[in-house]
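Trainee: Got a minute? I'd like to go through this one with you before I get back to the bench.
Mentor: Sure, put it up.

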Amino acid sequence: MSIWEYANPVKFMRTSGAILPFAVAGAVVCTVGGVVWGFLTPDDFRQGSTVKIVFLHVPAAMMAINIWVMMLVASLIWLIRRHHVSALAAKAAAPIGAVMTLIALATGAIWGQPMWGTWWEWDPRLTSFLILLLFYLGYIALWASVEDVDSAADLTGVLCLVGSVFALLSRYAVLFWNQGLHQGASLSVQSGERMSAIYRYPLYLSMLGFLLLFVALVLIRTRTEIRRRRLAALQAREMRA
Amino acid sequence: MSLLAVHDLAVSRGGLRAVEGVSFTLNAGEALILRGPNGVGKTTLLRTIAGLQPATAGLIEMAEDAVAYAAHADGLKGALTVAENLRFWAQIFGGEVGAALAAMDLEALADRPAASLSAGQKRRTGLARLLVTGRPLWVLDEPTVSLDAASVARFGAVLRGHLAGGGAALMATHIDLGLEGARELDLTPYRARPGRAEKPAGFNEAFG
Amino acid sequence: MLALLTRDLRLATRAGGGFGLGVAFFLILCTLVPFGVGADTSALRPIAPGILWLGALLACLLSLDRIFALDHEDGSLDLLATAPLPLEGTVAIKALAHWITTGLPLIAAAPLFGLLLHLPAEAMPWLVISLLIGTPALSMLGAFGAAITVGLRRGGLLLSLLVLPLYIPTLIFGTELIRRAVASGDPTTPLVFLAGITAGVVALIPFAAAAALRVNLR
């Protein structure tokens with residue numbers, strides 16, 4: 001049996017239905033656990049208690065990018081292999097990605113206020129996330145505007161491809177345009193100043209929680225999309241008969 | 001020499017197969033008229049053969065760049081004159097304007113802007129474009145809409161001339177164009193049966 | 001190919017073609033800016049390159065939906081798709097026609113409007129150069145957006161939402177080119193990036209736009 005068998009709607013519904021309870025439970029446990037554990041960590045000597053927002057900010061930012069990558073992969077699978085569930089999964093993921101981007105931006109602003117003394121700074125990272133949000137909005141708007149689902153799936157797939165290139169391009173253009181005051185990546189291996197372990201482990205847990213949260217949400221939304229397509233298909237057949 | 005050979009063709013509209021299992025060949029000098037009730041898939045089949053949409057299943061065999069397509073919209077630019085409109089298509093396809101103007105009785109209108117033409121005159125210009133393309137296989141979707149009786153007869157003559165000159169025509173029409181020996185193909189028996197297909201035509205079949 | 005280009009140019013310059021609307025919009029924008037930010041040279045001069053680029057970008061956006069919509073309505077697009085031209089070539093030619101009828105007049109008008117905004121004289125040539133290199137990418141990306149939204153009834157707003165984020169890198173490098181040229185006299189880096197983006201866009205986007213058109217034609 002090949003992996004593509006799972007792209008069959010019936011099989012997808014069965015498999016995803018079995019996975020879903022575990023994903024939901026894992027998402028709740030890990031997210032709540034990670035954030036609460038993070039909240040109980042001691043204050044940072046420089047940033048004080050404000051640092052605790054990192055347990056929301058970093059996982060959301062990570063998922064904002066990863067969800068776009070997942071949409072790109074799903075779109076490629078749709079455009080090349082024509083698996084319908086794949087196109088619906090990309091559609092289902094987009095609003096989640098947009099909300100993750102919003103969370104990253106909002107928590108960044110709330111964190112930036114005490115740290116940088118401003119709610120918004122045209123810092124390369126923040127700006128890149130704002131641009132990513134625009135790409136999410138365009139993608140969602142295109143799905144919403146095209147009535148014929150077959151055309152919508154193809155057009156959004158092409159847009160996702162082109163958008164990915166330009167999102168990446170914008171990232172470097174923004175870096176060129178403004179070197180910011182954002183701190184470097186919190187978990188990067190090369191950086192000399194690494195996050196200490198007491199922050200790192202709750203952060204890992206929170207990241208896992210956000211990942212599972214995404215998996216649970218995208219499964220629920222894809223299942224809803226499949227049911228909606230099933231309904232539309234039955235109506236279309238009725239009208240044709 | 002067959003200009004067009006269609007094997008076991010299935011075409012779809014709105015994510016559902018319209019007709020399936022259609023096979024026919026069209027030789028030089030032949031005309032084939034598609035019949036069937038509204039919505040059976042005549043337009044979809046013609047657009048598929050013209051290359052405007054992919055076939056859901058089956059095979060279409062023909063020479064590259066053989067098709068000239070004419071449908072409800074004439075593709076005329078109101079700001080350009082009749083001659084300018086045709087000259088543009090002549091440059092694209094590499095054909096002759098003068099003969100086409102004469103054949104469709106458009107010489108008197110040649111310098112009029114297309115916007116000022118009546119519906120029937122626009123239609124005649126649109127059909128004159130077929131001659132301009134110089135292509136052998138005409139795919140026509142209701143070519144006689146808004147034409148008066150005299151123009152229908154004139155177009156019938158043009159079409160007979162095209163067939164006699166080694167061309168072929170595939171069309172959907174309800175009007176008798178006076179083509180002797182034109183075959184008819186009723187699409188009703190080929191209406192696609194609902195049900196799961198090996199390769200779904202679209203979302204409506206994949207989830208049907 | 002040439003026939004298509006001359007036809008599009010002729011259509012754009014005849015009555016109802018909308019030729020010159022972009023420049024008029026550009027002028028209005030440049031007139032409104034001092035009312036918003038104040039007429040002081042010290043206020044206008046630093047933002048002049050950005051305003052001029054933004055004005056050109058928005059003026060370019062205005063006429064994008066015409067690239068394919070009219071041909072789609074009257075059926076020409078169906079006929080062009082069955083013509084011996086590859087659809088990618090049709091897209092590229094139509095984008096070129098858009099650039100000639102919209103981009104070039106904007107570039108010609110930009111130094112004049114630069115005077116209104118107190119753009120320093122030494123920045124003028126760089127403004128023209130940056131627009132010359134950058135605006136072809138705007139037209140080509142616009143053609144891509146127009147190809148995606150061609151079948152939609154209210155495609156105009158969606159077109160802006162899809163296309164404007166794609167304009168970000170071009171806008172950044174275009175304005176940065178002028179800024180660096182004036183500040184340090186060495187605009188090489190942004191110049192190379194701007195030209196690179198335009199070259200990449202002109203080479204690759206026709207394929208994406210043609211794919212979108214094929215979807216919308218079926």
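What follows is a chat about the chains, a sheet, a contact and a few single residues.

Mentor: One thing before we start: this is a predicted model.

Trainee: Fine. Let's start with chain B. How many helices and strands are there in it?

Mentor: Chain B has six helices and eight strands. Reading from the N terminus, the order is β-β-β-α-β-β-α-α-α-β-α-β-β-α.

Trainee: And which strands make up the open sheet of three?

Mentor: The order across that sheet is β2-β1-β4 of chain B, and the pairing is antiparallel. β2 (16-27) and β4 (57-62) of chain B are the edge strands with a single partner each, so each has one side without a neighbour in the sheet. On average, neighbouring strands are turned by 15° against each other, ignoring direction.

Trainee: What holds strands of a sheet together, in general?

Mentor: Backbone hydrogen bonds pair them, in either a parallel or an antiparallel way.

Trainee: How many bridges join β1 to β2 in chain B?

Mentor: Eight bridges join β1 (residues 2-13) of chain B to β2(B), and the two strands run antiparallel. To pick out partners, B:V11 is bridged to B:V19 in β2(B), and B:R13 sits opposite B:L16 in β2(B).

Trainee: What about the turn in that hairpin, how many residues are between the strands?

Mentor: There are two residues between β1(B) and β2(B). B:G14 is in the turn, with a positive phi of about 60°.

Trainee: OK, and which helix packs on the sheet?

Mentor: That's α1 (residues 42-49) of chain B, which touches β1, β2 and β4 of chain B. The direction of α1 makes about 125° with that of β1(B).

Trainee: How does the radius of gyration of chain B sit with a compact globule?

Mentor: It agrees: chain B has 18 Å, and a compact globule with 208 residues would have one near 17 Å. The C-alpha atoms of chain B fill a box of roughly 55 × 35 × 30 Å along the principal axes. Of its 208 residues, 51% count as buried.

Trainee: Switching to chain C. What is its secondary structure?

Mentor: Chain C comes to ten helices and zero strands. Here too the radius of gyration agrees with the globule value: chain C has 18 Å, against near 17 Å for a compact globule with 218 residues. The share of buried residues in chain C is 54%.

Trainee: Where do its contacts come from, sequence-wise?

Mentor: If you take the contacts in chain C with a separation of 6 or more, 81% are between residues 24 or more positions apart. For chain B, that share is 75%.

Trainee: Can you give me one residue to look at in chain C?

Mentor: Try C:L29, in helix α2 (residues 21-37) of chain C. Beyond its neighbours within four places in sequence, C:L29 is in contact with C:G55 and C:L58. C:A56 is 27 residues away from C:L29 in sequence, with 9.5 Å between their C-alpha atoms.

Trainee: Why does C:L29 count as partly exposed?

Mentor: Because C:L29 has 17 C-beta neighbours inside 10 Å.

Trainee: Now the contact between C and A. How many residues does each chain give?

Mentor: Chain C gives 19 residues and chain A gives 22 residues. On the chain C side, the elements with two or more residues there are α7 (124-149), α8 (155-163), α9 (168-184) and α10 (188-217). α10(C) gives the most, with six residues.

Trainee: What sort of residues are on that side of chain C?

Mentor: They divide into 17 nonpolar, one polar and one charged.

Trainee: And chain A itself, which residues does the UniProt annotation "transmembrane region" cover?

Mentor: The entry, which is unreviewed, puts that annotation on residues 20-40, 60-80, 92-114, 126-146, 158-178 and 198-220 of chain A. In the model, residues 20-40 of chain A are 95% helix, with end C-alpha atoms 30 Å apart. Residues 60-80 of chain A are 100% helix, and their end C-alpha atoms also lie 30 Å apart.

Trainee: Last one: is A:L231 buried or exposed?

Mentor: Exposed, because A:L231 has 11 other C-beta atoms within 10 Å. A:L231 lies in helix α6 (residues 197-240) of chain A, and its C-alpha atom is separated by 36 Å from that of A:F129.

Technical notes
Residues numbered from 1 in each chain as written. Chains lettered and ligands numbered in written order. Predicted model: local features only at pLDDT ≥ 70, side-chain atom pairs only at ≥ 80, totals over all residues. Contact = placed C-beta atoms within 7 Å. Helix = DSSP H or I, 4+ residues; strand = E, 2+ residues; numbered from the N terminus. Nonpolar A, V, L, I, M, F, W, Y, C, P; charged D, E, K, R; others polar. UniProt positions renumbered as here; feature names shortened; annotations may be inferred. Pairing = 2+ DSSP bridges. Axes fitted to C-alpha atoms, helices over the stretch in contact; angles between N-to-C directions. Buried ≥ 20, exposed ≤ 12 C-beta atoms within 10 Å, placed from the backbone. Rg over C-alpha atoms; globule rule 2.2 N^0.38 Å.
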